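Here is a friendly walk through the packing of one protein model. Keep the viewer open as you read, and follow the side chains as they come up.

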Amino acid sequence: GEDQETLTSMALIQSRIGNYQSTVDMLEKVVASSPDSKDAWYNLGMAREKLKQYDEALKCYDHAIGLDANDKISWNSKGLVLLETGKLDNAIRAFERALELDPEFGAAQDGLRISRERIAAQEIEKFARAVLALEYERNRPVSREEAFRDGGIPYANLDAVFQFLNQIDEYPIQAMTPQERDEMETASRDVLVRSIGTGNPAGKS
């Protein structure tokens, strides 16, 4: 059969031109005969990630990490897949490990920041839902004091929660199609993530 070096070179060429399935097929042969090749496992993970085969990509990165636990690139790539699939706590651990190995690793710094921002955004969205539930129960808008006292919203989060709710209120929700509501909620979350990142929430005061 083809030697591993030739297969690897061919696989990388296929990857560069976007033929990721061919890349996977070739690198599967490489890791089958050379299971101790960290680079082959890593490149296989990259190709599977491009194909959105995230579970398989994670397994490949874990193989690479198992062969070299001090490989910051593999830890960072694992973090990116976990971030993409919404496993934010695990993503944070992967990025933190990459940064333990190289505190100046910019890609891992970015991944860690985005993961933390998304967790914060999810918290604000959860608190916003609690305020909406309180308003539904009382059939009227509630004040910040009520949200804090009766809704259990932490004082430090009140501004962000009400700005998030104000932004949603700017849209005529009842007139929207389900798809438009989904798009609006996504846009709201995007604004929220950006505002948390800049420390300057968007929305009405």
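Which residues does Val81 touch, not counting residues up to four places away in sequence? In this predicted model, Val81 is in contact with Glu49, Tyr54, Ala57, Leu58 and Tyr61.

**Two cores**

Val81 is a good place to start, as it belongs to the largest nonpolar core, which has 33 residues. Together with Trp41, Leu44, Phe95 and Ala108, Val81 is among the residues that touch the most other members of that core. Seven entries make up the list of elements giving two or more residues to it: α1 (4-16), α2 (20-33), α3 (38-50), α4 (54-67), α5 (72-84), α6 (88-101) and α7 (106-138). Apart from this core lies another one, of 15 residues, and its members include Ile124, Val142, Ile153 and Val161.

**Aromatic rings**

Next, the rings. A search of the whole structure turns up 2 aromatic pairs. As a reminder, a pair of aromatic rings is described by the distance of the centres and the angle of the planes.

| Pair | Centre to centre | Angle between planes | Type |
|---|---|---|---|
| Tyr42 and Tyr61 | 5.5 Å | 45 degrees | tilted |
| Phe148 and Tyr155 | 5.9 Å | 80 degrees | edge-to-face |

The pair of Tyr42 and Tyr61 links distant parts of the chain: Tyr42 is in helix α3 and Tyr61 in helix α4, 19 residues apart. Are these two rings buried or exposed? Tyr42 counts as buried because its relative accessibility is 16%, under the 20% cut-off. Tyr61 is buried too, with a relative accessible area of 0%.

For the other pair, the planes of Phe148 and Tyr155 stand at 80 degrees, over the limit of 60, so the pair is edge-to-face. Phe148 is partly exposed, at 43% relative accessibility, while Tyr155 is exposed, with a relative accessible area of 65%.

One more ring deserves a look in your viewer. The charged end of Lys72 sits over the ring of Phe105, at 4.7 Å from the ring centre.

**Around Ala147**

Finally, turn to helix α8 (residues 144-149), where Ala147 is found. Ala147 has a relative accessible area of 0%, so it is buried. Leaving aside residues up to four places away in sequence, Ala147 touches Val131, Leu134, Gly152, Ile153, Leu158 and Phe162. Of these contacts, Ile153 is also one of the residues of the 15-residue core. If you would like a distance to check, the C-alpha atoms of Ala147 and Ala128 are 9.5 Å apart, with their positions 19 residues apart along the chain.

Methods:
Residues numbered from 1 in each chain as written. Predicted model: local features only at pLDDT ≥ 70, side-chain atom pairs only at ≥ 80, totals over all residues. Heavy atoms only, no water. Core = buried A, V, L, I, M, F, W, Y, C linked by side-chain atoms within 4.5 Å. Buried < 20%, exposed > 50% of the residue type's maximum accessible area, 1.4 Å probe, protein only. Helix = DSSP H or I, 4+ residues; strand = E, 2+ residues; numbered from the N terminus. Contact = heavy atoms within 4.5 Å. Phe/Tyr/Trp six-rings, centres within 6.5 Å; stacked < 30°, edge-to-face > 60°. Lys NZ or Arg CZ within 6 Å of the ring centre and 35° of its normal.
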